[in-house]
Every structure is written in C-alpha cells, then in structure tokens.
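Trainee: I should like to learn how to read the features of a model of this kind. May we go through them in turn?

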Amino acid sequence: MSAHTDVTGTSGYRQMEESTTLEPVERVGGEELDRELLTLNMGPHHPATHGVLRLLVTLDGEVVRDLKPIVGYVHTGIEKTAEDKSYWKAIPVVERMDYLAYYFNAYAFCAATETLLDIEAPPRAQYLRVIHMELNRIMSHLVWLGTSALDIGAMSMFWYCFREREQINDLFEQSSGQRMHTRYIQVGGVAEDIPRGWEQKVREFTARMPERADQYRDLLANNEIVLQRLRGVCPLAESELLKLGVTGPLLRAAGNPWDLRKATPYCSYDHFDFKIPVGTEGDNWDRFGVRVAEIYESVKIIDQALDGMPEGRWITDDRKVALPPRHELATSMEALIHHFKLVTEGFRVPPGEVYFPIEGPRGEYGCFVRSDGSSKPVRVHMRDPSFVNLQAMAPMTEGSYIADLIATLAMLDPVLGGIDR
Amino acid sequence: MPDAVGLELLAQELREADGESILDTVHFRGKGALIVKPATIRATLQRLRAKGFDALMSVHGVDYYPQEPRLGVHYEMLDMAAPDRVTVKLRVPLDDPVVESVTPDWPTADFQEREVYDMFGVIFEGHPDLRRILMPEDYEGFPQRRDFPIGGEPVLFTIDEAEGTAYTQ
C-alpha cells in the first residue's frame with residue numbers, strides 16, 4: 001500500500017492502544033498514599049469474557065480508570081466470504097456471525113435480499129419465521145442468563161438454563177434438521193413446512209417456559225449476592241446510550257421503549273399482542289430484569305403465532321427464486337430447468353442497495369446488501385449490536401470496581417462471533 | 001421511508017443550508033438516500049440531527065469497483081420519534097480516501113469508522129483513535145476491497161515467515 005494510506009504503522013497502533021484517558025479523581029490522604037496505575041490484560045482467554053474478548057484495563061487499586069476493548073480474535077471474514085457465494089449459498093455463512101442469533105442473521109440477510117428482489121414471503125412463512133425467531137430469542141436469553149449467573153458465582157443456574165435451551169434446540173432440530181445454524185429461513189420463505197407434531201411440542205414448551213422463568217427469577221431475584229452484584233451497579237443514562245448507538249435490552253433498561261418490532265413492524269409482528277419491558281435506572285439490575293421479562297413476551301408471541309397460523313405455502317411460488325417442489329422434477333421440464341439454474345448459478349438480484357434492520361436479542365441487526373445485478377452480492381455487511389454495544393463498556397465501568405466490571409460485561413451480553421464476524 | 005416527495009423536501013432544506021452539500025437523491029424500494037459531497041458530511045449529518053434524525057445507527061463501507069470514485073461510506077440515520085430513516089452516502093476516490101470523522105458528534109461511529117478504515121482504507125480525519133480493529137495491527141492491505149483476492153490470506157505458521165505477505169498486495 002502507498003505511504004499515504006498507511007497512517008497507522010505498528011508503532012502507531014501500539015501507542016494508541018496503550019494511551020489512556022484518565023479523568024482526575026479526588027485523592028484521599030497525602031502524596032505518600034499515591035499508588036501506581038496497573039495495566040491489566042483481561043482476556044483474550046478469560047472465562048468471564050464470553051468468547052475471545054480482550055480488555056485492556058487500567059486499574060487504580062481495585063478501581064477501573066480506563067478500559068479498552070480489543071477485538072478481532074475470531075474475525076473470519078464472513079462478509080468477504082459472502083461476496084463469493086450466490087445469495088442462497090451466502091445464508092449459511094451470514095448465519096454464523098452472531099452464533100446465538102442465527103435465525104436473526106439469516107432473516108436480516110434474506111429480508112434485505114427480498115427487498116432487493118421486491119418479493120414478499122407468504123403469510124405462513126412469516127408466521128413460521130416469527131415462531132423460530134422468538135424461540136431463538138428465548139434461547140439466546142437463556143444462554144445469557146446461565147453464563148451471566150455463572151460469572152457472578154451461581155453455578156446451578158447454568159444447568160437449569162441449558163436444560164431449557166436444549167429443548168429449544170430439539171425443536172429446531174425437528175423443524176430443520178439442525179440444532180444450531182439451521183439455515184431454515186430462505187429467500188422468499190422458509191426451507192420446509194413444520195413437521196407433524198411440532199406444533200404440539202412447541203405448545204408443551206411454551207406452557208412450561210413461563211413457569212421455568214418464574215423459578216429462575218425466584219432463584220436469582222431474591223438472592224442477596226445477586227442483588228448486591230447487580231442493583232445500582234454501573235448504570236448509564238439513556239442519553240449516553242443513544243449517543244453510543246446502543247440498542248436492545250440495554251437501551252430499554254434505561255427506560256427507552258425502542259423496539260423495532262413495535263416501532264417499524266416487519267414480518268407480521270404487528271399481528272401480535274405483546275409488551276416491551278423497560279427498566280427505570282439503567283443499571284445491571286434493570287438489564288437483568290428486562291431480558292428475563294422478554295422471555296415471557298416471546299412466549300406470548302409464539303402462542304399467538306401458533307393460534308393464528310395461516311394455511312398456504314411456506315415459500316414463495318416465484319420459481320425464479322424458490323426451488324420447485326421435488327415431485328415436479330420428474331414430470332415438468334420447466335421445473336427441471338428452474339431447478340438447474342437455481343442450483344448452479346443461483347437467482348439474479350436487481351441492482352441496488354438495501355439496509356434492513358430487525359430487532360434481535362441484543363438490539364438492531366441491520367443487514368446491508370448491495371447487488372450489481374449478478375447472482376452474488378457485491379457487499380454484505382451486518383451492523384451487529386454486540387459490536388456497537390461494546391463501546392458502552394468503558395463509560396459504564398469507569399470508576400467502578402473490577403468485580404463490577406465482570407458483572408457489567410455479563411449484563412452487556414456481547415457475542416464475539418457477531419463482533420468479529 | 002421518507003417517501004419520494006419527503007426525501008426531495010429534505011434534500012431541498014439541506015440544499016438551502018449549503019447549496020453544494022447534496023449531490024443527488026435516490027429513492028429505492030421505499031427508502032430514501034441522500035448522496036452528499038464528502039467534504040460536507042459532518043455538517044450535513046449535524047443538520048439532519050437538527051431535523052430529528054439524531055441517532056446514527058450504522059456506518060459501513062462499500063467498494064464500488066470498477067466504478068469511480070471507488071470507496072463509499074454509508075451512514076444510516078434514524079429518527080426515533082417519527083420513526084423514520086434516511087441513508088446518507090458519500091464516495092471518495094482511492095488516491096484520496098479522506099473523510100471527516102463524525103465520532104466527535106456520535107461516539108457510536110468510533111468502532112464502525114475503525115472498521116471501515118480497517119477493511120477499505122478510508123481515513124477518517126479527526127477520529128480520536130484510528131487504527132485497525134478486526135485485522136492484526138501489522139496487517140498490510142485492506143481486505144474488503146473488491147480487488148483484494150479471496151483466499152489471499154497468508155496463514156502465519158512459522159514455516160511461512162520468510163515468504164512474508166507480499167503476494168496479497
């Protein structure tokens with residue numbers, strides 16, 4: 001590269017990384033009590049960082065004075081890889097960005113592509129997408145609850161949460177064949193109709209889940225240790241969160257009821273009756289409360305979607321986009337040609353640029369897709385909420401104890417697969 | 001989401017403030033985009049903020065290869081009260097990829113501008129901490145550019161050290 005574009009050589013990077021911003025603090029005692037600042041590397045292999053996140057923390061005794069997140073350890077170039085794949089083959093790689101929100105990644109990408117194609121998924125497909133996305137939201141929150149409780153010392157919560165998470169994964173396995181990264185959501189609809197008996201299993205799950213969530217709340221919310229670790233710890237005002245672009249449960253915990261499912265409904269979310277849980281203080285306690293309350297709301301959405309499930313196709317009948325039914329291949333030459341074209345080249349997408357935002361378990365997942373008219377996207381970008389929300393880590397924790405930093409990171413719920421992509 | 005008329009009205013208001021700022025408007029699939037002159041980006045976003053688009057939801061880069069000017073930066077502005085969205089786009093040439101940073105106004109742009117710098121080599125002037133974020137600090141080249149080969153990534157095993165990273169250039 002030319003010298004002009006290389007503004008940060010290796011030495012420049014290190015200087016910037018090691019520079020700290022320290023607000024002056026009032027000292028107790030005289031000069032002789034002055035202590036040295038300690039720079040501590042937390043991670044990248046630390047059990048409490050929820051992945052390979054490295055935090056460069058400047059400590060004054062036990063107090064955090066400055067914090068720099070260092071990411072990129074699991075950068076796999078998914079956005080670049082997607083440029084080399086036809087649209088329907090890009091879905092599995094895009095799905096693997098935020099590995100706890102695979103239905104959301106896939107939906108954001110497919111919906112952006114559908115917007116470019118100017119097609120709409122049939123009503124049944126939209127309801128099936130909603131059911132799977134809400135199951136995914138519960139699953140993601142259960143993983144968060146289990147690992148967060150583990151971080152602040154509650155071992156058994158992890159096993160309880162993963163018990164329910166396994167049941168959701170079983171449901172995914174039954175409907176799509178995979179437990180994670182299911183590739184269930186397709187451009188134009190979903191891969192397959194739900195199998196017989198699946199609805200009954202989901203209903204059994206939704207009947208059980210609120211009771212389980214009650215139990216989790218009883219276990220944690222009245223626990224003295226949890227209260228001390230969360231209540232009033234590391235709050236951040238709504239105005240600060242908005243400047244930092246923070247969305248999702250973190251913003252709602254600070255009292256702003258911003259939820260894309262309500263604000264700009266997509267995928268038939270306006271058909272369902274649900275509430276947006278909000279907090280008042282914006283501290284770790286509210287972040288905890290909002291996510292647990294969202295589990296109940298997701299259960300309500302799933303029940304309503306099952307009740308009102310429309311009949312009909314589960315994928316668009318536009319043969320230029322969706323594969324023809326299997327049985328037609330033996331009898332219809334046209335179906336065979338469509339099948340061949342779709343499987344070899346893929347479908348072509350009209351030129352244009354679309355940014356499609358949806359509400360995931362961590363905030364706004366916005367998928368940007370640019371097409372040049374060919375069958376491969378020219379640019380795929382995911383605005384991942386973990387990546388943006390991580391910037392709030394430093395303002396939240398500056399001036400607090402290092403033990404609270406662990407609790408705050410747990411309540412921030414970053415997923416490193418999504419951050420690094 | 002501003003309709004075609006609303007988008008033109010918005011562009012007209014911005015043109016009244018600075019006649020050169022808005023180069024073009026695009027209305028595509030029900031969503032509006034403003035194409036702005038790169039030098040006026042920070043002032044334009046500040047004017048949009050005054051009109052209610054006060055949340056910057058996403059900053060991302062695009063490589064328009066083989067068209068010129070090649071590198072694009074997109075800003076997704078959101079008005080939470082309306083609710084309404086508008087995209088602001090700019091394009092800079094490869095030999096002078098300099099854009100004024102909006103991080104002083106929107107701290108959320110910090111990581112995202114670093115990512116655009118890391119992946120496309122767009123330099124954000126006035127960014128407090130412009131360095132690579134996802135790629136290693138000593139990495140050469142900008143991997144999301146369209147002329148950067150897929151599979152051109154040297155695997156850093158000890159045995160390859162002597163060969164270096166020259167073939168990715």
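The dialogue below takes up helices, strands, sheets and the contact between chains.

Mentor: First, some conventions. This is a predicted model, in which local features need pLDDT of at least 70 and side-chain atom pairs count only at pLDDT 80 or more, while totals for chains, interfaces and linings use all residues. Residues are numbered from 1 along each chain as its sequence is written, and chains are lettered from A and ligands numbered from 1 in the order in which they are written.

Trainee: How many residues has helix α6 of chain A, and what span does it reach?

Mentor: Helices (H or I, at least four residues) and strands (E, at least two) are DSSP runs, numbered from the N terminus. The expected span of a helix is 1.5 Å times one less than its number of residues. Helix α6(A), residues 155-176, has 22 residues and reaches 32 Å from its first C-alpha to its last, close to the 32 Å expected. Just after α6(A), Gly177(A) takes a positive phi of about 95 degrees.

Trainee: Which residues of α6(A) are buried?

Mentor: A residue is buried if 20 or more other C-beta atoms lie within 10 Å of its own, exposed if 12 or fewer, and partly exposed in between, with C-beta atoms placed from the backbone. In α6(A), the buried residues are Met157(A), Cys161(A), Glu164(A), Ile168(A), Leu171(A), Phe172(A), Ser175(A) and Ser176(A). Viewed down the axis of α6(A), the buried residues fall within an arc of 115 degrees (taken from the directions from the helix axis to the C-beta atoms), so they line one face of the helix. Met155(A), Ser156(A), Trp159(A) and Arg163(A), on the other side, are exposed. The cover over the buried residues includes α5 (123-151) and α7 (198-221) of chain A.

Trainee: How should strand pairing be read?

Mentor: Two strands pair if DSSP finds at least two bridges between them. In chain A, an open sheet of three strands has the order β1-β2-β3, with antiparallel pairing. Its edge strands, β1 (38-42) and β3 (63-70), each pair on one side only. Five bridges join β1(A) to β2(A), residues 54-60; there, Leu40(A) has Val57(A) as its bridge partner.

Trainee: What joins β6(A) to β7(A), and how many bridges are there between these strands?

Mentor: A hairpin connects them through two residues, and nine bridges join the antiparallel strands. Tyr355(A) has Phe368(A) in β7(A) as its bridge partner. Eight of the nine residues of β6(A) are buried, so this strand is largely enclosed by the rest of the structure. Strand β7(A), residues 363-371, is in turn joined to β8(A) by five bridges, again antiparallel, and Arg370(A) stands opposite Arg379(A).

Trainee: Are the faces of β8(A) buried or exposed?

Mentor: Both faces are covered: Arg379(A), His381(A) and Arg383(A) are buried on one side, Val380(A) and Met382(A) on the other.

Trainee: How many residues of chain A are in contact with chain B?

Mentor: Two residues are in contact if their C-beta atoms, placed from the backbone, lie within 7 Å. By that rule, 39 residues of chain A are in contact with 34 residues of chain B. Elements giving two or more residues to this side of chain A include β6, β7 and β8.

Trainee: What of chain B itself?

Mentor: Chain B has three helices and seven strands, and 42% of its 169 residues count as buried.
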